[in-house]
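Subject: Structure handover

Dear colleague,

Please find below the structure I am passing on to you. My notes on what was found in it follow directly after.

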Amino acid sequence: MVKYSIFTIARNALTGHKNWPKQWRSPEPKATYDVIIIGGGGHGLATAYYLAKEHGVRNIAVLEKGWLGGGNTARNTTIVRSNYLWDESAAIYEKSLQLWEGLSQDINYNVMLSQRGVLNLAHSLGDVREGVRRVNANRLNGVDAEWLDAEGVKDFCPIINISKSARHPVLGATLQRRGGVARHDSVAWGYARAADALGVDIIQNCEVTGIKREGGKVTGVETTRGDIAAKKIGVVAAGHSSVIAEMAGIRLPVTSHPLQALVSEPIKPVIDCVVMSGAVHVYVSQSDKGELVMGAGIDSFNSYAQRGSFHVIEHQLGACLELFPIFSRVRMMRTWGGIVDTCPDASPILSGTSVEGLYFNCGWGTGGFKATPGSGWCFAHTLANDAPHPLNTPFSLARFESGALIDEHGAAGVAH
Amino acid sequence: MAKNSPWITPAAAIARDFPAGLTELSPRAQVNLRGILDESSFMTAVKTATGIDLPITPNKVATGKDHKALWLSPDEWLLIGEGEADALVHRLENALTGQHVAINDVSANRTIFELSGPHGHHVLMKSSEFDFHPRVFAPGDCVQTLIAKSQAIVEQVGEDAFHIYVRSSFSRYVGAWLAEALAEYGAPA
Amino acid sequence: MTQHFRATSGGRINRRKAINFTFNGQSYIGYEGDTLASALLANGVHLLGRSFKYHRPRGIVAAGAEEPNSMVQLGEGATTEPNIRATQISLYEGLTASSVNVWPNVEFDISAINGLFAKIMTAGFYNKTFMWPRSLWMKLYEPVIRRAAGWGRAPTTSDPDIYDHMHLHVEVMVVGGGPAGLMAALAAGRSCARVLLVDEQSEFGGSLLSTKRQIGGKDETAWIADMVAELEAMPDVTLLRRSTTFGYYDHNYLCVLEQKTDHLPAAERKGKVRQRVWHVRAGQVVLATGAHERPLVFADNDRPGIMLAGAVQTYVNRYGVLPGKKMVLFTNNDAAYEAAIDLQAAGGDVVAIIDCRHEVSGELVDAARALDIEILAGYAITGTSGGKRVESVEVRKIQKGAKVYTSAARSIDCDLVAMSGGWSPVVHLFSQSQGQLHYDEAKACFLPGTPRQVQQVAGALAGQFSLKDCLAGGYKAGADAARATGFTPKRKPAAPEIDEPDAGEIEPFWVVPGSRPIGEGMAKHFVDLQNDTTAADIELAVREGFESVEHIKRYTLTGFGTDQGKTSNINALAILSGILEKPIPKIGTTTFRPPYTPVSYGALAGRNLGDWSDPVRVTSIHDWHVNNGALFENVGQWKRPWYFPKAGETMQEALNRECLAVRNGVGVLDASTLGKIDIRGPDAAEFLNRIYTNAWLKLGVGRVRYGLMCHEDGMVFDDGTTARLADDRFLMTTTTGGAAGVLDWLEEYLQTEWTDLKVYCTSVTEQWATVSIAGPKAGAVLKKLAPEMDISHENFPFLSFKEGTVAGLKARVFRISFTGELTYEINVPWTCGQALWEAVMAAGAEFDITPYGTESMHILRAEKGFIIVGQETDGTTTPQDLGMDWIVSKVKPDFIGKRSFTRTDTARKDRKQLVGLLTDKPDDVLPEGAQLVFDPHAPKPMPMAGHVTSSYYSATLGRSIALALVKGGHDRKRQKIFAPLEGKTVTAEIVDPVFYDKEGERLNG
Amino acid sequence: MLNIDCPWCGKRHETEFRYGGEAHIARPEDPAMLDDTDWAAFLFMRKNTKGYFAERWLHSHGCRRWFNVIRHTVTHEIVGAYKMGEKPPKLPKPAGGAK
């Protein structure tokens, strides 16, 4: 792998940039792999990378039905944080955040992690109670967290409206300073390049059409580019998890929903942190290009369409202007939607199934992007050892039978 | 009667600021009636008690001598009349004894606004996603929908006149919204 | 300044009305009817801004929404707006505008130094560097990158303007008011269908505003006027000008931004709605959105003065402006020749037409020749020069398929280059509506294929590039749309005689090589002018393995500008197709996402701001609370009195006073917000038996019972008391926030699961105002108000109710208690709430009756260990966790949630359970939300045992109290537990959650 | 913004409705007889069909009736709405493009 640095760029500039190697190959699929990862998004590519790097598995294929990173990796609001309420969630997201912090160097690809702080606003006494609870839980879990009162919020984000007469006034906020944003596409590309360098075959335009089984074990997949054999299959297909599960004759407790987001036209920097409000559905940050990046809530209905209903966005902008009155004359430039699969408890599934050798990594709902490195790291461990890592043991399918759900609904932890 | 003598209309405090075209109506008797349409005795009994053939077509209003009935759902109607609801409730209870029905005095549950004049339609277009165009919605029609994000019943009572029934706790909010929506068209003196 | 570049006559401007405006601090004059772009061009101003990455000088390229370059900061102060295209700003008196993202000014921009590093700042540059040392990314690299970010500036104060929304339903919506759209609207309108016609321009006519045509013996202006007059006379036809259909959503739902005042001088805007978003549900949609001209991609094709040929034609014909006096036309099609002909006719000089086709012929070519314009067929522009304005072009003879052109160069002086690479139908809305596109080789463009929604396409969008086809196609689309919605179109009128030149042929030409291979030397072949994406960037991306068009876009940022690639997407696609040697249809298309053009947040929010952002619910006693100094708490949509401070009182002092009044005298609470549901029918008791966890069949008429509801997963979700009004009738109360959800949920079971149960539910929340009087003196107060009511404990025991007259009002009085004190909850009709409240206050005056709010209510109930759903519960709490096994029937075979209690995790003994906490120091009030541990010295992550759910200072007890959920808490009474807070750790003892009056003796006063 | 056909009130905008997820899930007659696996299936396992999907909606701001809808989860095309207890309409043949 050619090492990326300013020096390599300068050297290549001298030769008109004619000698850059491909960031990843486009190999033909082989007949057999040790592990097949279905889904070439951030989580799938991270899984392949850590399988190769940490567990020495080299004969891996990542099968992507479209273009790599083209699913939710390309469609989120890029927020990274780990301040989740429950111990189990905090642990896996904190692992993820720690991996984020060294990721650019680890994979030699600048993913532009920008830790400029994430505020989660409280608008009611109930919100305050939940916020304080989360800050306390985070601190004891070793996750950095602070509680700010309304004045503190204003200090940290001066353009925010903390008027007491607002319809939903800001009463305070949790702050995670290590939270922030990262460049979403770069994450997929960086993992792809690093995995490819370790020998992983990334096969794009290869849609899985069937899961082959014998005697309760997986034996491979049928794809639009032919059959491929493997004894282990990891499914990391986000919104389409249920579709793959059906091919294997199993059901998952997930439903797919559209999640919409939008950006404004680029404007000169006005907001230097991430502001989230679960109560009024506003999630804002400003990109390094100057766009205000905003997420909305999910649409209520099941859907595999990468679009939702416009009233969701209009509602969100009303709430946004309550918080940021100066955005009124800023203009929305582009909207889009992703498909998220959500679990009843708003927590993910990283688990084996009743089919031997078949593993699922899904159900991240609206929280997937920030989990990318941790999710891949844990899932790689699970695939390599045929057993979950302690970090993802709680996120098994068995919890739905036992009732040991990890319910992030109540904790504003569900959002993005 | 004693019951309603100190009645304060829920929108009273803001009603004095309403522009022409918007008023809060004085209280009406409102009775929510639920019953099984299929049981012919039900329709007959209601007719006996009120003189009204309950509308069975969705979103229609049937008008009798003293009362009118708004279709709310396949087994639910809102009966409206002048004065107190008690008498109406009693008549219905008596006529429907032994039947599976629910009769509730909801006179205070909803506030009624009247929106009238040339801009009534515009205000409804601003406030609701429902199609109030005269080709679709005419006198004798009613609809349950959202007005300014609040659940409401809208009844067309004349060519340019609508009654808007909103839950009393929302009436300040909806009343002020409607007043503001009218403001664009200027208040005729 | 004078308008040196204004043609002596012509144009749709009003030359009698001069308009003063300022750009970059300089004053200019234009005419009514101008855009800022046309007025600047009339004044000879071409340099409007700088590009994003290299800060190269940039001018006006187009004449409409597709403009990639000329963004300005419009206006000043509170109404300033960033990034508005000069081509879309109608000129108004007093307009001020300036260039964006330049420093110190557009003429001399420091950041142009970036151009020197262009060789390094290729696509993917950021991904490959700024990684070492790691610490500098946040400290140095990113701050520098961020400083360069963005174009214009947001205002720094809130927006004084008004916005709103309209909702419209029509049978036929026509998008685009050009010739095809006008005909479509006419056909549909004549059928009597309800029609909406929307156009983004200030006047209808579309392409006819830029061209000279005779239609049926009328000139284009008269023809448009006649069409509009007929449409305006139709009562059910709505015409929207200055209105952009920006989104096409499911089920023919479209959104339109109408700009109502942006073209007016500031003084005339006041009090008017500035922008309005129309939400349209259409039976049929006719898309007649026209086409955008494509630039040609050649070396240094970005200098000011290089613009689209159609734009030149628009400036000449519509605005009476000569964008230059010495023009070179560079084209691959005949149609663009008309721009040269029109410019020449208006007094400009066309020095050459560079046509990259080797064979040229046809009506327009002949017309150009007749004007003595030199035509260089088989030539291309291979370079340009000029600093802030193009000064000359370098022209070479071309060889088909060559990667470089080696023929001798000829330099031609000029001050304007018009270019035309053909036309791209504006398929954005069609794509948004999920329609698939197909590539038409002959027309060299993507055209709409099979639609997914009920719609028609017409005009240039449908590949109907001649006016004759537009008119016929438009009429057919409108008639078909009307017919499909049940209307009968009138007989088609005879086709009018049209005088238009034959549009001739086009030969696609996607990238023009220079004398060196693309990417070498200093020349840049711009594809996306706004983001400075070049053909070389696309080549580099492919070299690095990016092959999907989506990857290319993202790696090079093509199409990610504020213009969303209207002029660049197809060129990028075609260049990619050339590099990969795959035909264009195999490359796929890019996705067009809403909005078509940017829409202000203000317009999208409409009036849903401030008090309108969410409905506010108030009780009928609200005014009294306001007048008596209450502070309010938002509970769901409700405003509830939080507490009633007296002058000079702290919050805690007020709470102490309120609580002690209830414990020692009498307090009064507005409890009207509780949800109330009338439940009636022969199976009502059976229904409640299934819904609540406890037993309901035997509750006597006149009695009241408390109940808990769980979801099927066994977790508590609402609670409240329910009274049996009659054998077959109950009145249920719910939590304030839970009312609507509970009613929906009850209906769900009745309508979908237990359809055999005869039960009706009716919401009566606002039928009843509820005034709760609590305290040892409550009875005395009630006695005064209801002297005829027998309120003796024998005849009015706890958990019963009575009907009667209170304060002269017909009332229902409940004996329930959330405070532990003797309490009467009096229900009167909603509209009598304030009258009752005032009567209670008057009657209670002698007992110093004290109004209290939700905060005191919370303290009082916590002293008694009563839960609040949503505070002691969080969706993971069972009745057993709350120590409320007593309310879970062991006898009933089934009720909602029962089965879940026996799941392995739900049945665990060490679940988090509700306990009371007493801090070792009585003055320490634990924060609500404090986490609890058994071992405060454990390393992080510290094993947590639970958290504090409620915590208060209790004036009654003279110390703090708290409720908490603690692992295995029910078996840990008297054990110590710790709350490690920031800076200190508070120690507490686990106790029973009932802190006060454990025996319940105070219930009877 | 979906246009949903309430079987009683006719077509109304989505904002008048509440979504109810997969249709035709009957509550078990006797939950006590189910083991944890089957109970979990009733609680949590839902079809998540890509294609024509039978789902429930509540006309919460209108007639407050629950009813069923067949909707395509990719195109959002609504084939029909039917009352509780009625038979679903026939599904169209899978159309081109709408996999």
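Ile36(A) has Ala61(A) as its bridge partner in S2(A). Please keep in mind that this is a predicted model. The two strands involved are S1 (residues 35-38) of chain A and S2(A), which run parallel and are joined by four bridges. Between them the chain passes through helix H2 (residues 42-55) of chain A, and this β-α-β crossover from S1(A) to S2(A) is right-handed.

Strand S2 (residues 60-63) of chain A also pairs with strand S8 (residues 201-203) of chain A, again in the parallel sense, over three bridges. There Ala61(A) is placed opposite Asp201(A) of S8(A). In a regular strand, side chains alternate between the two faces of the sheet. In S2(A), Ile60(A) and Val62(A) point one way, Ala61(A) and Leu63(A) point the other way, and all are buried.

Chain C has a comparable topic, centred on strand S19 (residues 349-355) of chain C. Five of the seven residues of S19(C) are buried, so the strand is largely enclosed by the rest of the structure. On one side, S19(C) runs parallel to strand S18 (residues 326-331) of chain C, with six bridges joining them. One of the facing pairs is Thr331(C) and Asp355(C). Helix H7 (residues 337-345) of chain C completes a right-handed β-α-β unit with S18(C) and S19(C).

S19(C) pairs as well with strand S20 (residues 375-377) of chain C, over three bridges in the parallel sense. Ile353(C) stands opposite Ile375(C) of S20(C). From S19(C) to S20(C) the chain goes through helix H8 (residues 363-370) of chain C, in a β-α-β crossover that is right-handed.

Next, the nonpolar cores. The largest has 199 residues, and the ones with the most contacts inside it are Trp100(A), Leu36(C), Met173(C) and Tyr315(C). Leaving aside residues up to four places away in sequence, Trp100(A) touches a list of residues including Val80(A), Val111(A), Leu113(A), Phe369(A) and Pro373(A). A second core, separate from this one, has 48 residues, among them Phe310(A), Phe327(A), Phe246(C) and Leu604(C).

On aromatic rings, there are 54 pairs over all chains. In one of them, Phe125(C) and Phe130(C) have ring centres 5.7 Å apart and planes at 80°, so the pair is edge-to-face. Phe125(C) is buried, with a relative accessible area of 11%. Tyr19(D) and Trp57(D) form an edge-to-face pair too, because their planes are at 65°, with the centres 4.8 Å apart. This pair links distant parts of the chain, since Tyr19(D) is in strand S3 (residues 18-22) of chain D and Trp57(D) in strand S4 (residues 52-58) of chain D, 38 residues apart. Both rings belong to buried residues: Tyr19(D) has a relative accessible area of 13%, and Trp57(D) has 1%. Ring pairs join these two with Phe301(A), Phe17(D) and Phe67(D) into a cluster.

Two rings in chain A have a charged group over them. Lys95(A) places its charged end over the ring of Trp377(A), 3.8 Å from the centre, and Arg193(A) lies over the face of Tyr4(A), 3.4 Å from the ring centre.

Last, the chains. Five pairs of chains are in contact, and chains A and C share the most contacts. Chains A and B do not touch, and their nearest C-alpha atoms are 11 Å apart.

Regards

Note on methods. Residues are numbered from 1 along each chain as its sequence is written. Chains are lettered from A and ligands numbered from 1 in the order in which they are written. This is a predicted model: local features need pLDDT of at least 70, side-chain atom pairs count only at pLDDT 80 or more; totals for chains, interfaces and linings use all residues. Side-chain values use heavy atoms; hydrogens and water are left out. Rings of Phe, Tyr and Trp (its six-membered ring) pair if their centres lie within 6.5 Å; planes under 30 degrees apart count as stacked, over 60 as edge-to-face and the rest as tilted. Buried means under 20% relative accessible area, exposed over 50%, partly exposed in between (1.4 Å probe, protein chains only). A charge sits over a ring if NZ of Lys or CZ of Arg is within 6 Å of the ring centre and within 35 degrees of the ring normal. Contact means heavy atoms within 4.5 Å. A nonpolar core is a set of buried Ala, Val, Leu, Ile, Met, Phe, Trp, Tyr and Cys residues joined through side-chain atoms within 4.5 Å. Two strands pair if DSSP finds at least two bridges between them. A crossover is right-handed if, with the strands pointing away from the viewer, the path from the first strand over the helix to the second runs clockwise.
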